[in-house]
Amino acid sequence: MEQTNILVVDDELNVRQLLSKVLSKEGYKVYTACDGLEGLELLQTISIDIIVSDIKMPRMTGLEFLHKVKELEPDIGFILITAFATTETAIEAIKNGAQDYVTKPFDFTEILTAVKKLTMTRQHTYKFGANANMDTSDLKVKSKSPKMQQVLQLAKQVAAAGSTVLLTGETGTGKEVICSAIHRWSPRKDKPLIKVNCGAIPDNLLESELFGYDKGAFTGAVSSKPGRFEVADGGTIFLDEIGDVSPSLQVKLLRVLQEKTFERLGGVKSIHADVRVIAATNKNLKDEVQKGQFREDLYYRLNVVPIHLPPLRERPEDIEDLIKYFLENSAKISGITNPKVVSNETLECLKGYCWPGNIRELENIIERCVVISSGSMIDINCLPVEIREASKTYVAGSTEQEPLLNAAIDNIEKEVIKKALSESNGNKTKAALALGISRRSLHRKLQKYGMID
């Protein structure tokens, strides 16, 4: 597991030093900045995974800094430190892209918990190597697949109501995107959409994440903190991988769905939350119910309006449009007017592949092709050998030298990266933009080829 790089931004020197010491002791690589402007300068030269930033700072507030960071590197994790423990502050922070916040005065245990929780969530997300926040809803509205058109029609119909929705389908089929679309099409569109990956957070942390906690609820809880249900009041909460929730927590989720009330961890006061629940899973919850792993009553509460997303192999009509979208998005990030195109042979090969990783896998492959293709055309030699071998449409007999081809492609990719770094005078952000990939993707490739000093 590669080391997590954390940037601490605070105008108080003692806070920076203490946080740096505590986080470094836990094995994180820590960088510091006195304010948002200095933090932005550091991001030009250092690959950062998580930022911990104060809100009240001179020259640039923490929220302004958050906005700038998300424009530059949208996949960086962000934790805000605020002196105002209000739901309004939480909503504003989360709406602007923060994954979590900690209130002052804070205990270092609370900071560590927030960082560990975000680290686990990010590791879970990036095991697919895809940008989970990518929103292609507008593209999918134009889907040519009859199955997806049915999905979208049902999503639009249910959006107007407040019914609970259960999204099912394989990993990478776009469940989160459909959730976002339902929220945007609903009367709740101006209220928060809060997303929680239940499978990425340990159960003991997930309860406090969902329901919040009162001061003194556990060691390090030096102040009260609202949970995600409280923050989502009036809006929508997306419970991804709901099938991974423990039986004890399922009981509390059932109560929220039935009564719209809950208590914070360590609290006695019942809190009412008008929240629409959209849940998602890649598991067969009926089978989980029969195994005794999932509560039957909770299953029926969640399964009010089931929407099943077909895998990409069942909607090949959309592959060409998805490829076009990814290529246009890559060009937009790079500031290039004319996006690259795929050859007819490459397109047929991609259409003939079964895509076990679905849309996320396709996005990864297109990103790779953009990097290693030297011209404006992406030919079939840019594709990984395993895809060409598995594709039903790939011409037999054209893979005689494939054992050497992967190494050759890697060498090409390495040289292209070297050239981009040279032309940008070593500025990794500019190099990533020129390559049409995120700075984080560039960092992973530099690690792969041993190009990090």
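Phe211, Phe229 and Phe262 come together as one aromatic cluster. Keep in mind as you look around that this is a predicted model.

**Aromatic pairs**

Searching the whole structure turns up 7 aromatic pairs. One of them joins phenylalanine 211 and phenylalanine 229, whose rings are stacked, with 5.6 Å from centre to centre and 10° between the planes. This pair links distant parts of the chain: phenylalanine 211 belongs to helix α9 (residues 203-211) and phenylalanine 229 to helix α10 (residues 228-231), 18 residues apart. Phenylalanine 211 counts as buried because its relative accessibility is 3%, under the 20% cut-off. Phenylalanine 229, at 1% relative accessibility, is buried too.

Another pair to find in your viewer is tyrosine 353 with tryptophan 355, an edge-to-face arrangement with the centres 4.6 Å apart and 85° between the planes. Here, tyrosine 353 has 9% relative accessibility and so counts as buried. Tryptophan 355 has a relative accessibility of 0%, so tryptophan 355 is likewise buried.

**Charges over rings**

Aromatic rings also meet lysine side chains in this model, as the table shows.

| Charged residue | Ring beneath the charged end | Distance from charged end to ring centre |
|---|---|---|
| lysine 156 | tryptophan 185 | 5.2 Å |
| lysine 225 | tyrosine 101 | 4.9 Å |

For your own browsing, you could start with the stacked rings of phenylalanine 211 and phenylalanine 229, then turn to the edge-to-face rings of tyrosine 353 and tryptophan 355, and finish with lysine 225, whose charged end sits over the ring of tyrosine 101.

Note on methods: Residues numbered from 1 in each chain as written. Predicted model: local features only at pLDDT ≥ 70, side-chain atom pairs only at ≥ 80, totals over all residues. Heavy atoms only, no water. Phe/Tyr/Trp six-rings, centres within 6.5 Å; stacked < 30°, edge-to-face > 60°. Helix = DSSP H or I, 4+ residues; strand = E, 2+ residues; numbered from the N terminus. Buried < 20%, exposed > 50% of the residue type's maximum accessible area, 1.4 Å probe, protein only. Lys NZ or Arg CZ within 6 Å of the ring centre and 35° of its normal.
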